[in-house]
Amino acid sequence: MIRIRIPATTANLGPGFDCMGLALDLWNSFELYPTPSGISVETSGEGAGYLPKDETNLVVSVFLSELAQTDCDPLSGFRIVCHNTVPCASGLGSSSTATLAGVMFAKALERSRQGEDPSDLDFESVLTRAVAIEGHGDNVAPALMGGFVIVVPDARGVLTQRVPHSPIKTVVCVPEFAYLTHVARAALPQEYSKADAIYNIGRAMLVAEALRAGDDQMLTMAMTDRIHEPYRLKSIPGAQNAKHAATKAGAIAVCLSGAGPGIIAFARDGYDRIGRAMKAAFTAANLTSRYWILDTSDSGAHVGRLPV
């Protein structure tokens, strides 16, 4: 019996497209129980009404695929229990928590069957596999490692740097709008100008330094983007107005959370005011929405054994 907890994440952080992410204090947990036969998935909380309950569930499909690459014999059967507080398809990395859970279950089970501690995983190999499955690491890296992480692909695997950051609260507003990642990626151009590339490179470095130093003025100026937000915001009704509303309500900096549709605002106070302002902007665009006030999380994914 293995239990895994994994935090939500916000990726990109404005200009850091596909290479920066931050863990948030909102968690999904997953439990694996061997059974005599069959495969089943039980989900409570977010996604309980529609996430698959069989082999097509992302946790299960990744787990089975990863397990097939180990020396472990297949389980005769198992049950996976998911307790979700991260909203699905929100820009908060819910699918990354599922991908990581599948990879970590396979590696933890392999260690357990070898008589080793299943909680003592090689996180570098977990990250490499999760990035290979996801295609980019800006969600899985901070979800695994916690905190603020810079992550880039490399011929030798994945390069990561966990950058210390000053505590700051966020307000995340998520509209009820289907904006899947593959649709969000299809909205992007195939090529960018040198000017836009330079614009983003410089600002991504400034965002990292602003978060490290707790420099709110720098964060305000730096968290702007020319690579993905101009193309995605116009596809999400009310999103641009929600950004403006959050800024007007007192947010320090505002951007898309990941690919969206969620909008994340960084703030020092007035959190409910900021949340209500974003919610009103989505309401004006005929979309219902919810908001969360979240701390960042220095803790990442962890594995434990459940009592028999």
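**Rings, charges and empty space**

Hi everyone, let me begin with the aromatics: this structure holds four aromatic pairs. Take Phe63 and Phe105, whose ring centres are 6.1 Å apart with planes at 70°, so this pair is edge-to-face. Where in the chain do the two partners of the pair sit? Phe63 belongs to helix 1 (residues 58–67) and Phe105 to helix 2 (residues 94–113), so to speak in sequence terms, the pair links distant parts of the chain, 42 residues apart. Please keep in mind that what we are looking at is a predicted model.

Are these two rings buried or exposed? Phe63 is buried, with a relative accessible area of 0%, and Phe105 also counts as buried, at 0% relative accessibility. Phe78 joins in as well: Phe63, Phe78 and Phe105 form one aromatic cluster.

Next, charges over rings. Arg226 lies over the face of Tyr199, at 3.8 Å from the ring centre. Over at Tyr271, the charged end of Lys169 sits over the ring, 5.9 Å from its centre.

Now for the empty space. Rolling a probe the size of a water molecule over the atoms shows where such space is left. Searching the whole structure turns up one cavity of 30 Å³ or more. The largest cavity has a volume of about 40 Å³, and its lining is made by Ser166, Ile168, Ala210, Leu211, Gly214, Asp216, Leu219 and Arg268. Helix 6 (194–213) and helix 7 (216–222) are the elements that give two or more residues to that lining. By class, the lining has four nonpolar, two polar and two charged residues.

On to the pockets. The largest pocket has a volume of about 750 Å³. Its lining takes in 39 residues, and those nearest its centre are Ala89, Ser94, Ser95, Ser96 and Thr181. Which element provides the largest share of this lining? That would be helix 2, with five residues. At least two residues each come from strand 2 (20–34), helix 1, strand 4 (77–84), helix 2 and helix 5 (181–186). In terms of class, the lining of the largest pocket divides into 17 nonpolar, 17 polar and five charged residues.

The second largest pocket has a volume of about 230 Å³. Of its 15 lining residues, Tyr50, Cys88, Ala89, Pro175 and Glu176 are the closest to its centre. Here the lining has 10 nonpolar, two polar and three charged residues.

That's my tour, thanks for listening!

Conventions
Residues numbered from 1 in each chain as written. Predicted model: local features only at pLDDT ≥ 70, side-chain atom pairs only at ≥ 80, totals over all residues. Heavy atoms only, no water. Phe/Tyr/Trp six-rings, centres within 6.5 Å; stacked < 30°, edge-to-face > 60°. Helix = DSSP H or I, 4+ residues; strand = E, 2+ residues; numbered from the N terminus. Buried < 20%, exposed > 50% of the residue type's maximum accessible area, 1.4 Å probe, protein only. Lys NZ or Arg CZ within 6 Å of the ring centre and 35° of its normal. 1 Å grid on protein atoms, 1.4 Å probe; cavity = no way out; pocket = protein on both sides within 12 Å on 5 of 7 lines; lining within 4 Å. Points joined across faces, edges and corners; volume = space filled by probe spheres on them. Nonpolar A, V, L, I, M, F, W, Y, C, P; charged D, E, K, R; others polar.
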